[in-house]
Amino acid sequence: MSTLESKETDLLSPRTPDPRRSARNRGLWLSRIILIVAAILYVTPIYWMVTTAVKGPTELAVYPPTLLPQQWHWENFSKAINFIPFGRYLVNTLVITLFSMVGAVISNLIVAYGFSRIQWRGRDLIFGLVVATIFVPFPVTVIPLFVTFAKLGWINTFLPLIVPTFFGNPFYIFLLRQFLMQIPFEISESAKVDGASEWQILWYLILPLARPAIAVVAIFAAIAAWNDFFGPLIYLQDESKYTLSIGLQMFRSTHQVEWSLLMAASTLVVLPVIIIFLLFQRSFIEGITLGSIK
Amino acid sequence: MSRRERYNLMIGLLFISPWIIGFLAFLVYPIVSSAYLSFTRFSGFGVAQWIGWGNYTRMAQDALFWKSLYNTAYYTLLAVPIGVVVATVLAVAMNQRLREIPIYRAALYLPSVLPIYALSFIFIWLLNPRYGLLNLVLRWFGVPPIDWLGNPEWAKFSIVLLAQLGAGQYALIFLASIRGIPQTLYDSAEIDGATQWHKFRFITLPLITPVILYDVIIGLGLGLQVFAPSYIITSGGPVNSTLFYVYYLYNNAFRYSQVGYASALSWVLFILSVVLAYGIFRWSRRWVNYEVGS
């Protein structure tokens, strides 16, 4: 960790002013200012969402807008929930999210195991193919998939959104493989000597050790499903099947957009993501760094 | 192949079989199928009628196709380089020894995990010429109100701005890469009298080029596929200034029942993506440094 670097040299450095040290101090303050400004900018949308959510209709029409709500209209949240079938959409979204998460964990763990803990001819070549599929833009597959799902009678069901998650995802395979490669292979070898099958090794030895990486995949897959917009947009046409991502559009279908209510509903949708993020920040950061660095 | 090898091959393929099935069903088949459909006139139902290169010649004369391609290129060429610069600056700033770094890290990463549709809703209200926060802040500095989303010139740029909320995620990836650089490199540079800028320019920057390449490649893919923000915020307007490629493709496939034409559009995007990714990989050999670091 380079954050701890040169602590020693700092302690041992002579009392005479060191030009490099003052430069470092300046760098410190410059960085601090940049980060404070950036952090404010990055949190502003959330701030504006929450404050708009609690403003009353008269305050919303005030020019210039108020930075802090003068009156807090908490009832906007209950109004928003009643404005659209929020509960229905929440249940739909949760069902899709839960199954997608389960599908992603099961399939990617098994596939990543095959790509990391078993030696077989052509393995790394095929893994190259897995990585290459990341570069295929989704629009090139979406039309035939839609046609196929339509033939199967899956339009207006959650199946097109759930079933594909049970067949592996290149990002998660890559991420889990990175992790599984780091587990010492002696564990598997000695288990094999004792007569354990690959399934048993995966289930009893690797699974408990891979929990942190599995958590990362579970969280990422859940957030991706919760946040998904395009899939529900094309596959769910019946209003009773809508997810929150599509359902929230309803606030804008009327002539006058109910901004307070839309922002209140958005707050309710975003809140679980923020809570999960704050609770599992470490997993998030592990996930993006494990998934990206070579 | 020995018996042992054959056994391992079988077991290996068995473990990755979910991926193989998904690869064939959700990738290979749709790609081949959309290639076929791109040579047909097809409404989505009934029989596809073979028309040869008709869709492709039509594309060459379709002003909206060129417009959407231009818009997408404009967006990608602005969003990706700006994103790399923002991520680099934030990462270097976060590499300083500041006690409050975890706060900045959380604030900068948070928007990356939020649903794009919710951020898009917020953005409409944030950028509202009269009631939005952005124009309010600009007013403090004497800037006259800007019609961010109503003016064709500004609308595209507004969506580029929205994309920058995702830069925090890349900043963390860059930061992990910076922390992987051996401290000895900086120490010896310091002995030679290197300034902060020199150290950044000749040590940090060259050694994080692999993650910059990662950002560029992923950013390029996402840029070419941008859809939700313009669908939600501007509906492609004003005057088609935010009609991006995938949006136009979506309209053809799911609104105008021009499924054959949309398939041709998707194949052009596919080829374009592959060619650009390949070009960037070739070009990257000149500037990406794989020797030291992560």
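**How the labels in this model are reached**

Biologist: Why does Phe86(A) count as buried?

Modeller: In this predicted model, Phe86(A) has 20 C-beta neighbours inside 10 Å, and the cut-off for a buried residue is 20 or more, so Phe86(A) counts as buried. The residue sits in helix H5 of chain A, and, once its neighbours within four places in sequence are set aside, Phe86(A) is in contact with Ala80(A), Ile81(A) and Ala265(A). The C-alpha atom of Phe86(A) also lies 9.1 Å from that of Thr243(A), although 157 residues separate the two along the chain.

Biologist: What makes Thr157(A) count as partly exposed?

Modeller: Thr157(A) has 16 C-beta neighbours inside 10 Å, and that count falls between the bounds of 12 or fewer for exposed and 20 or more for buried, which means that Thr157(A) is called partly exposed. Thr157(A) is placed in the loop between H7 and helix H8 (159–162) of chain A, and its C-alpha atom is 15 Å from that of Leu244(A), a residue 87 positions away in sequence.

Biologist: How do you know that chain A is more spread out than a compact globule?

Modeller: The secondary structure of chain A comes to 16 helices and 0 strands. For 294 residues the globule rule gives 19 Å, whereas the radius of gyration of chain A is 25 Å, well over that value, so chain A is judged more spread out than a compact globule. Along its principal axes the C-alpha trace of chain A spans about 80 × 75 × 35 Å, and 40% of the residues of chain A count as buried. Chain A is divided into domain 1 (19–73) and domain 2 (85–253 + 268–292), and the centres of these two domains, taken over C-alpha atoms, are separated by 34 Å.

Biologist: Which residues touch the most other members of the largest nonpolar core?

Modeller: That core has 161 residues, and the ones touching the most other members are Leu176(A), Val217(A), Ala221(A), Ala171(B) and Phe174(B). Helix H12 (residues 211–227) of chain A gives the most to this core, with 12 residues, and at least three residues come from each of domain 1 and domain 2 of chain A. Leaving out residues up to four places away in sequence, Val217(A) touches Ala104(A), Val105(A), Asn108(A), Tyr172(A), Leu175(A) and Leu176(A).

Biologist: Why is H12(A) described as largely enclosed by the rest of the structure?

Modeller: Of the 17 residues of H12(A), 13 are buried, and the helix is therefore largely enclosed by the rest of the structure. The length of H12(A) can be checked too: at 1.5 Å a residue its 17 residues should span 24 Å, and its end C-alpha atoms are 24 Å apart, which agrees.

Biologist: How many residues does each chain bring to the contact between chains A and B?

Modeller: Chain A brings 80 residues and chain B brings 87. Several elements give two or more residues to the side of chain A that touches chain B, among them helix H5 (86–116), H12 and helix H15 (259–279), while the largest share of that side, 17 residues, comes from H2(A). The residues on the side of chain A divide into 55 nonpolar, 18 polar and 7 charged.

Biologist: What makes the bond between Tyr63(A) and Pro64(A) worth marking?

Modeller: Most peptide bonds are trans. The bond joining Tyr63(A) and Pro64(A) is cis, with omega about -5°, and Pro64(A) is found in the loop between helix H3 (57–60) and helix H4 (75–83) of chain A. In chain B, the bond from Gly237(B) to Pro238(B) is also cis, with omega near -10°, and Pro238(B) is found in the loop between helix H12 (228–233) and helix H13 (245–255).

Biologist: What is marked about the phi of Asn240(B), and what about that of Ser257(B)?

Modeller: Most residues other than glycine have a negative phi. Asn240(B) has a positive phi, near 60°, and lies in the loop between H12 and H13 of chain B; with 17 C-beta neighbours inside 10 Å, Asn240(B) counts as partly exposed. Ser257(B), likewise not a glycine, has a positive phi of about 55° and lies in the loop between H13 and helix H14 (259–284) of chain B. Ser257(B) has 14 other C-beta atoms within 10 Å and is partly exposed.

Key: Residues numbered from 1 in each chain as written. Chains lettered and ligands numbered in written order. Predicted model: local features only at pLDDT ≥ 70, side-chain atom pairs only at ≥ 80, totals over all residues. Helix = DSSP H or I, 4+ residues; strand = E, 2+ residues; numbered from the N terminus. Rg over C-alpha atoms; globule rule 2.2 N^0.38 Å. Core = buried A, V, L, I, M, F, W, Y, C linked by C-beta atoms within 7 Å. Domains from an automatic or database assignment. Contact = placed C-beta atoms within 7 Å. Nonpolar A, V, L, I, M, F, W, Y, C, P; charged D, E, K, R; others polar. Expected span 1.5 Å × (residues − 1).
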